[in-house]
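Got your viewer open? Let's take a short walk through the strands and loops, one selection at a time.

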Amino acid sequence: MPELRTPVARAIVPVLGGIIFFLALGLVTFGIAAFLSSGDTETTENLAPPRLELGSAAGRANDVAEDGPLLFAELSTITGERSLVVDHEGDDPAEGWRLYYAFPPNRSDCPVEQVRGTATFTDCDGNELDVTELSPPTEDVRPVVEDSTTLYLDLRAFSSTPGPSATAPSTDVES
């Protein structure tokens, strides 16, 4: 093995070796990521679950009654175009669930912010909107109550692999 005799060589060679190692590691990592993201790979339930459990329907109905609709920002995307608002009407926690996109109708580029503790939202232009003035979903995404106790958001329409869903889009809850 050659011996590094000068102080400059002993300082530079290990640094260059480290740089080469991390460049090679980065290229291998990039190659693996490029391979996994191309081709016929499918989304798994671990990475993109088809349903999001919101918990007890009675508990979420109380939350909506006390603090206004539930805002779920940026589901399955970082652009905000899949931000959802879940609202509840009535006294029965198993029924009366409604779903809206978190932007005004025909303005997916204008996300809304909720006025804390109310059913009022402010859009990107500063206009105040009631929850009923938000955009209804155009895809088959809906709240679902199972066994009259547990509330879910059915997000299968957002996944790349279609799953079983209702024949027509609905914003009202299914029991």
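## Stop one: a covered strand

Select strand E4 and look at its two faces: Trp 97, Leu 99 and Tyr 101 sit on one side, Arg 98 and Tyr 100 on the other, and all are buried. Buried means under 20% relative accessible area, exposed means over 50%, and partly exposed is in between (1.4 Å probe, protein chains only). Strands (E, at least two residues) and helices (H or I, at least four) are DSSP runs, numbered from the N terminus.

Before you go on: this is a predicted model, where local features need pLDDT of at least 70, side-chain atom pairs count only at pLDDT 80 or more, and totals for chains, interfaces and linings use all residues. Residues are numbered from 1 along each chain as its sequence is written, and side-chain values use heavy atoms, leaving out hydrogens and water.

Now add strand E3 (residues 84-88), which runs antiparallel to E4 and is joined to it by 5 bridges. Two strands count as paired if DSSP finds at least two bridges between them. Find Asp 87, standing opposite Arg 98 in E4.

## Stop two: a loop

Move to the loop between E4 and strand E5 (113-114) and pick out Asn 106. Its phi is positive, near 60 degrees, though Asn 106 isn't a glycine. Asn 106 is exposed, at 79% relative accessible area.

## Stop three: a hairpin

Select strand E8 (residues 142-146): 4 of its 5 residues are buried, so the rest of the structure largely encloses it. Add E9 (residues 150-154), its antiparallel partner over 5 bridges. Arg 142 faces Asp 154 in E9.

Which residue takes a positive phi in the hairpin of E8 and E9? Asp 147, near 55 degrees, and the hairpin has 3 residues between its strands. Asp 147 is exposed, with 69% relative accessibility.
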